[in-house]
Amino acid sequence: MTSIGTGYDLSASTYSPDGRIFQVEYATKAVENSGTAIGLRVKDGIVLAVERLIHSKLLVPGANRRIQAVDRHIGMATAGLLADGRNVANRAREESSQIRTLWREPPTAVADRLALYAQAYTLYSSVRPFGISTIFGGVDKTGPSLFVVEPSGVCGYHGAAVGKGRQLAKTELEKLKLSELSMREAVIEAARIIYLVHDDNKEKEFELEMSWVGNETGGLHAPVPTDLLAEAEQKAREALETFE
């Protein structure tokens with residue numbers, strides 16, 4: 001039995017001889033087969049954007065959303081298995097509700113609690129790791145915050161990307177001066193990046209899904225207005241034509 005063969009991948013609680021947990025790596029592969037999700041933390045808020053791939057022409061437009069509200073001031077975007085994303089979203093809402101009930105204030109540690117929840121699914125042979133990576137974005141009394149919960153842990157970011165096109169998306173995010181962007185400017189840039197990374201996967205149609213939270217929304221998580229979304233998509237298409 002070798003570290004790259006059957007045996008060490010039968011349980012999430014089993015290490016291979018070289019210290020790998022194969023089921024966590026398999027979960028990461030599930031994320032990489034999904035559309036790209038990005039999050040931008042800018043000077044006055046958070047912008048989330050998702051490349052929602054359309055696998056069938058029979059799907060209802062707008063169905064199977066990958067951006068969901070966790071609390072009034074927190075949103076999350078997922079890449080990976082849709083059902084796992086819904087499970088984590090429900091758990092995030094439960095954690096948020098518990099914090100509000102216990103402390104009587106807006107929740108601020110949801111990402112940390114979800115990271116512990118995700119890690120628990122890597123500790124026991126009776127369960128499997130979640131096949132998703134989740135970007136959490138929100139605004140509280142300390143300002144905007146952006147976190148990524150992956151099958152292997154949690155980190156805080158100014159800009160984050162998960163999913164199939166994450167490497168190209170991260171490269172584009174690194175070029176931006178995020179701390180100087182407004183939320184409206186971030187919407188334009190996020191749409192441009194999603195269209196750019198989708199260009200490598202032209203054979204599949206997609207829908208651009210976006211939300212934001214910050215000064216533009218009065219601190220509430222909400223979908224990006226349709227007129228601004230349409231403008232962002234138009235500029236993204238024009239930028240893509242110029243890039244080509």
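**View 1. Strand E2 gives the most to the lining of the largest pocket, with four residues.** This is a predicted model, in which local features need pLDDT of at least 70 and side-chain atom pairs count only at pLDDT 80 or more, while totals for chains, interfaces and linings use all residues. Residues are numbered from 1 along each chain as its sequence is written, and side-chain values use heavy atoms, with hydrogens and water left out. The pocket has a volume of about 340 Å³. Twenty residues line it, and Arg-52, Leu-53, Ile-54, His-55 and Leu-59 are the closest to its centre. E2 and E9 are the elements that give two or more residues to this lining. Strands (E, at least two residues) and helices (H or I, at least four) are DSSP runs, numbered from the N terminus. For the grid fans: on a 1 Å grid over the protein atoms alone, a pocket is an open set of points with protein on both sides within 12 Å along at least five of seven lines, a cavity is a set where a 1.4 Å probe fits but cannot get out, and lining residues have an atom within 4 Å of a point. Points are joined across faces, edges and corners, and a volume is the space filled by probe spheres set on them.

**View 2. One cavity of 30 Å³ or more turns up in a search of the whole structure.** About 50 Å³ of space lies in it. Its lining is made of Val-88, Ala-118, Phe-130, Ile-132, Thr-134, Val-149, Glu-150 and Pro-151. E5 and strand E6 (143–150) are the elements that give two or more residues here.

**View 3. The largest nonpolar core has 31 residues.** A core, in this sense, is a set of buried Ala, Val, Leu, Ile, Met, Phe, Trp, Tyr and Cys residues joined through side-chain atoms within 4.5 Å; buried means under 20% relative accessible area, exposed over 50%, and partly exposed in between (1.4 Å probe, protein chains only). Ile-38, Leu-40, Val-187, Leu-208 and Met-210 have the most contacts inside this core. At least two residues each come from E1 (37–42), E2 (45–54), H4 (166–175), H5 (183–198), E9 (205–214) and H6 (226–243). H5 supplies the largest share, ten residues. Zoom in on Leu-208: leaving aside residues up to four places away in sequence, Leu-208 touches Ala-49, Val-50, Ala-191, Ile-194, Tyr-195, Leu-229 and Glu-233, where contact means heavy atoms within 4.5 Å. Elsewhere, a second, separate core of 17 residues includes Ala-111, Tyr-117, Phe-130 and Val-149.

**View 4. Helix H2 (residues 82–103) has its buried residues on the same side.** They are Asp-84, Gly-85, Val-88, Ala-89, Ala-92, Glu-95, Ser-96 and Ile-99. They cover an arc of only 135 degrees around the axis, taken from the directions from the helix axis to the C-beta atoms. Among what covers them are E3 (67–71), E4 (74–80), H3 (110–120) and E5 (132–140). The face turned away from the buried side carries the exposed Ala-83 and Thr-101.

**View 5. Asn-64 and Arg-104 are two residues with positive phi.** Asn-64, with phi near 55 degrees, sits in the loop between E2 and E3. Its relative accessibility is 30%, so Asn-64 counts as partly exposed. Arg-104 has phi near 60 degrees and is found in the loop between H2 and H3. At a relative accessible area of 71%, Arg-104 is exposed. As background, most residues other than glycine have a negative phi.
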